[in-house]
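Here is a short tour of one model. Look at the sequence and the structure first, then read on.

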Amino acid sequence: MLRQVELVERVLSYDPQADEDLLNRAYIFTVKTHGSQTRASGDPYFSHPIEVAGILTELKLDTATIITALLHDTIEDTVATKEEIEKIFGTEISVLVDGVTKLSQLELQSDRTKQAENFSKLLVAMSNDIRVLLVKLADRLHNMRTLHFIKKPEKRVRIATETMEIYAPLAERIGIQSFRDELEDLAFVELNNEARKSILRRLDYLRAEGEDLVSDIVQNLKNDLSEAGFQADVAGREKRPYSIWRKMEKNNVAFEQLSDIIAFRVIVFTVEQCYHVLGNLHAKYAMVPGRFKDYISTPKRNNYRSLHTTIIGPERQRIEVQIRTREMHETNEFGVAAHWQYKQQIGAGDLVKEGQQYRWLRELLEILEEASDPDEFLEHTKLNMYQDQVFCFSPKGDLISLPAGSSPVDFAYAVHTRVGDTCVGSKINGRMAPLRTVLRNGDQVEILRSKNQTPSPTWESFVVSGKARSAIRRFIRHQQRDQYVELGRSIAEKAFRTDGKPFTEKALAPVLKVWGLESVEDIYYSLGDGTHTGRQLVEIVFPGEKKTEQKENIVPINKPKPAKGKKSDHAVPIRGLIPGMAMHLAGCCHPLPGDRIVGIVTTGKGVTIHTIHCDTLEQFAEVPERWLDVSWDQDNQDNDLLVGRMTVVMANEAGALSSVTSTIAANNGNINNLLISHRSEDFFEMRIDVQVRDVKHLTNIMAALRADPVISSVERATN
Ligand code: MN
């Protein structure tokens, strides 16, 4: 463990202006607050934050980051609070420590790593300051270095898997190659030690066989380059076991010779020299086609810059050579951290330094941003990375990414269209929440479903994801179409009957041509939505025939024909309608047989039936000619089930919802739609749409619900 003096000296060695006093206080603070806590290794707990701080001094990070590392576990694991830290160490540090704490809490929540990509995006989204991420990575690195102390094998495997899938790629993205290599190698030990061992054995063998080969090649290359007048560093670097393994897996190849596992590196001073060295090597040695890569003119997404080429080298071996400048090399190894130091060296004075920091941060965000796929890249605006996304957990710990502003309905559709279609309610972080609640990063969302549920048109007003929106629209379109088709069919049948003709679909063939339609269903639809009338249909099917007198044909709109007492043959249970005109029940008041109703004529849409008390009717007060006097056909026994809407206020307690649904089912009602419109600590208010025969049926259900102790009130919804 680093002693206090050593740590402070390390920081001062690269930053003479560092706040020595504050560093000392942080060191003492972490030792004191962690007190007698111990690690799995038996070491005092505070050795961990101190080592993490030590790791970050290798990246030469600023004092605030080093102090954050020292304090990173104090909020989570000790009595220390954010307020206390803010008081002693200031706002900047307390915000950073709080940021790391939040990431650690997220980690605890997610015990699954299969959505590693989303999880790492979540980490990035939640790290407002990149230094939070750097501390988190160093924290993980130290935990991996001490992983073998953990007793439970399944816990070790979980942590190693997470490291391999989330933290190593994250380190790669921010370009900290040294972190990535070590994280991968430590995880490799845990996850596939046999493979690792066999690679190490093979490496030993190749090394022994070609002991002098590498140094010969290095020497030869050095000579070549100095003859050509270059001052260059040349070194052979053995590849990491895991990167060899990855290559073997990916390309399905074995590694055979030493040159497969050694990369030769040439480090020069300027970019021009890089290309000159390259030209020189290509002139002297045969170049292996297809292996040359220019990451200087086109850097990798994490800003890695270098020239790569493979040549048949000095010892007739095929070798890979990487050519780069010293600065590129630093950036490649230490990523943004090196980038930052470099900028800081340029900057002088606090104001400039701040500006530099900002630029550094912005550049980093751009790097990270480019790491996402091209579609996302287009969607995201700079500096707002992932801010237009929200990441939520399923109860199983799956991570789902959604557009910002998403609701539980968006979440449900993101899981599966079926889940979206049948969703009736949601729990967020274990509590019932309205379906229109805006989700936040890290929320755990549970979707309550009901077989009988269908998408509600009202969802359209608050969903934001394309998937949810299109699924709801598609459903509504289909549903409307189905209704119109059904209605159109009965209009056609009736028109035939009125004319005294037997109805056959075959007879409709000539209509297709005249109306320019493709199927019989289209004909029904055009009748149902009021585009054509039953009369027009009959005239096409039986042209030139003398029309029989229409008894109930035209009803003057402002002087409706009173309904007759005899059993009507209307397919829809409403009297007083104009035959051939489409009818539908208003979605605002959900009229039911037994209600006093009125029809409103809407051009192109037919007649809409409202209850006499519906608020919507006020809009039509000035146009009495559009009012149609209609009534229910009480004799009609085979009514389709209609939808009644109730507003229910119930206790917010476990089992309350299922009690309501079973009461409704016990009274032969089908829940068609259920929306929690308001929720408080103790109660929530729901709008429930139930399929019922008539008003009496609905009244029965409401009475049964009122008898239920969890229900505080039930009313018929008026709008
Ligand atoms: Mn830690």
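A residue counts as buried when its relative accessible area is under 20%. Keep that cut-off in mind for this predicted model.

## An enclosed helix

Start with helix α4. Nine of its nine residues are buried, so α4 is largely enclosed by the rest of the structure. Among these buried residues are Thr63, Ala64, Thr65, Ile66 and Ile67. Thr68, Ala69, Leu70 and Leu71 also belong to the buried set.

## The manganese site

Which residues coordinate the manganese ion? Two histidines and two aspartates do: His48 and His72 through NE2, Asp73 and Asp139 through OD. The distances run from 2.1 to 2.4 Å. Along the chain, the donors follow the spacing H-x23-H-D-x65-D.

The pair Asp73 and Asp139 links distant parts of the chain, 66 residues apart. Asp73 sits in the loop between α4 (63–71) and α5 (74–77). Asp139 lies in helix α9, residues 130–145. Both aspartates, Asp73 and Asp139, are buried.

## A three-stranded sheet

One open sheet has three strands in the order β10-β9-β11, and the pairing is antiparallel. β10 (431–433) and β11 (445–449) stand at the edges with a single partner strand each, so one side of each has no neighbour in the sheet. On average, neighbouring strands of this sheet are turned by 35° against each other, direction ignored.

Strand β9 covers residues 423–428 and pairs with β10 over three bridges, in the antiparallel sense. Lys427 has Met432 in β10 as its bridge partner. Helix α20 (residues 408–415) packs on the sheet and touches β9 and β11. The direction of α20 makes about 80° with that of β11.

## Strand β14 and its partners

Strand β14 spans residues 597–602. Is β14 mostly covered or mostly uncovered? It is mostly covered, with five of its six residues buried.

β14 pairs with strand β15 (residues 606–611) over six bridges, in the antiparallel sense. Strand β16 (residues 627–628) is joined to β14 by two bridges, and these strands also run antiparallel. Gly599 takes part in both pairings: Ile609 stands opposite Gly599 in β15, and Leu628 stands opposite Gly599 in β16. Strands of a sheet pair through backbone hydrogen bonds, either parallel or antiparallel.

## Two crossing helices

How do α22 and α24 pack? Helix α22 (residues 466–498) meets helix α24 (residues 520–528) at an angle of about 90°, with the axes 6 Å apart. That makes α22 roughly perpendicular to α24. From α22, the contact is made by Arg481, Tyr484, Val485, Leu487, Gly488, Arg489, Ile491 and Ala492. From α24 come Glu521, Asp522, Tyr524, Tyr525, Leu527 and Gly528. The residues of this contact divide into eight nonpolar, two polar and four charged.

Glu521 is one residue to pick out in helix α24. Its relative accessibility is 41%, so Glu521 counts as partly exposed. Neighbours within four places in sequence aside, Glu521 is in contact with Arg481 and Val485. Glu505 lies 16 residues from Glu521 along the chain, and the C-alpha atoms of Glu505 and Glu521 are separated by 10.0 Å.

Definitions and conventions:
Residues numbered from 1 in each chain as written. Predicted model: local features only at pLDDT ≥ 70, side-chain atom pairs only at ≥ 80, totals over all residues. Heavy atoms only, no water. Donors = N, O, S within 2.8 Å, 3.2 Å for Na, K, Ca; no water. Helix = DSSP H or I, 4+ residues; strand = E, 2+ residues; numbered from the N terminus. Buried < 20%, exposed > 50% of the residue type's maximum accessible area, 1.4 Å probe, protein only. Axes fitted to C-alpha atoms, helices over the stretch in contact; angles between N-to-C directions. Parallel < 35°, antiparallel > 145°, perpendicular 65-115°, else oblique. Contact = heavy atoms within 4.5 Å. Nonpolar A, V, L, I, M, F, W, Y, C, P; charged D, E, K, R; others polar. Pairing = 2+ DSSP bridges.
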